Amino acid sequence: WDREEEELNKQAEATKKEMAKLQRKRNQLKFAKKQEELKRSFTKQLQTAKQQTERELQSRISAMRVERKERVGKVESFKTELKERIDALCRCYEEVSVRGVALSNSFKEAEDRMIAEARNVVQMEKESLEAQLRA
C-alpha cells in the first residue's frame, strides 16, 4: 500500500509539475497575445495621431497661405495706390513748375512793358518839353 501511495504521490507530483508547466505555457501565450494586441493598438493610435497631426499641419499651412495671400495683396494694393499718388504729385509738381515759369515770364513781360511805357512817357515828356523850349 505504501508503495502504491508513493507511486501515486510521484504521479501526482509529476502531474502538478506538468500542470504548472502547462499553466506557464498558457500564461506565456496569453502574454504574447496581449502583447500583440497592445502592439496593434499602439500602432493604430500612432497612425491616427500621425494622420491628425498631418491634417492639423495642412490646415495651418492652408491658413498661412491664405493670410500670406491677403497680406501680399494688401501690400500690392498699397504699393499701387502709393505709385498712383506719387504719379499725381509728379503731375502736380510739373503743373506748378510750368505755372511758376509762366507766372515768372508774365511778370517779366509786364515789367518790360512798364519799363517800355515809362521810357515812352519820359521820351514823350522830353520831346514835349523840348518842343516847348523851342517855341
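**Figure 1. Welcome to the chain and its accessible surface.** The accessible surface of the chain comes to about 13,500 Å², and carbon and sulfur atoms account for 58% of that surface. What you see here is a predicted model. Its secondary structure is quick to learn: the chain has one helix and zero strands. How much of the chain counts as buried? Of its 135 residues, 0% do.

**Figure 2. The overall dimensions of the chain.** Taken along the principal axes, the box filled by the C-alpha atoms is roughly 195 × 15 × 5 Å. The radius of gyration tells its own story: the chain has 57 Å, while a compact globule of 135 residues would have one near 14 Å. Charges can be placed in this picture too. The chain carries 32 positive and 26 negative charges, and the mean positions of these two sets are 11 Å apart.

**Figure 3. A negative patch that includes Glu-5.** Which residues form the negative surface patch? They are Asp-2, Glu-5, Glu-6 and Glu-7. Let us pause at Glu-5, whose place is in helix α1, the helix that covers residues 2–134. Is Glu-5 buried, partly exposed or exposed? Its relative accessible area is 40%, so Glu-5 is partly exposed. That value can join a patch because patch residues need over 30% relative accessible area.

**Figure 4. Lys-33, with a look along the chain to Glu-76.** Lys-33 has its place in helix α1. It counts as exposed because its relative accessibility is 57%, and exposed here means over 50%. Now follow the chain from Lys-33 to Glu-76: the two are 43 residues apart in sequence. How far apart are Lys-33 and Glu-76 in space? From C-alpha to C-alpha, the answer is 63 Å.

**Figure 5. Glu-36 and its salt bridge to Arg-40.** Here the side chains of Glu-36 and Arg-40 meet in a salt bridge, with 3.8 Å from N to O. Both residues belong to helix α1, and because they are four residues apart there, about one helical turn separates them. With a relative accessible area of 38%, Glu-36 is partly exposed. Looking further along the chain, Leu-57 is 21 residues from Glu-36, and the C-alpha atoms of this pair are separated by 31 Å.

**Figure 6. The salt bridge between Lys-79 and Glu-76.** Here we return to Glu-76, this time beside its salt-bridge partner Lys-79. The closest N and O atoms of the two are 3.7 Å apart. Lys-79 and Glu-76 both lie in helix α1, where three residues, about one turn of the helix, set them apart. How do the two partners compare in exposure? Lys-79 is exposed, with a relative accessible area of 51%, whereas Glu-76 is partly exposed at 38%.

**Figure 7. Arg-85 and Glu-81 side by side.** Another salt bridge brings together the side chains of Arg-85 and Glu-81, at 2.7 Å from N to O. The two residues are four apart in helix α1, so they are separated by about one helical turn. Glu-81 is partly exposed, and its relative accessible area is 35%. How many salt bridges are there in total? The count comes to seven, and the pair of Arg-85 and Glu-81 is one example of a salt bridge.

**Figure 8. A nonpolar patch on the surface.** To finish, turn from charges to nonpolar side chains. Phe-78, Leu-82 and Ile-86 form a nonpolar patch on the surface. Together these three residues have about 290 Å² of accessible area. Where does Phe-78 lie? Its place is in helix α1.

Notes:
Residues are numbered from 1 along each chain as its sequence is written. This is a predicted model: local features need pLDDT of at least 70, side-chain atom pairs count only at pLDDT 80 or more; totals for chains, interfaces and linings use all residues. Side-chain values use heavy atoms; hydrogens and water are left out. Patches are made of residues with over 30% relative accessible area and no salt bridge: like charges are joined within 9 Å, nonpolar side chains (Val, Leu, Ile, Met, Phe, Trp, Tyr) within 5 Å. Accessible areas come from the Shrake-Rupley method with a 1.4 Å probe; for residues, only the protein chains shown count as cover. A salt bridge is a side-chain nitrogen of Lys or Arg within 4 Å of a carboxyl oxygen of Asp or Glu. Lys and Arg count as positive and Asp and Glu as negative; His and the chain ends are not counted. The place of a charge is taken as NZ of Lys, CZ of Arg, CG of Asp or CD of Glu. Buried means under 20% relative accessible area, exposed over 50%, partly exposed in between (1.4 Å probe, protein chains only). The radius of gyration is taken over C-alpha atoms; the globule rule is 2.2 Å times the number of residues to the power 0.38.
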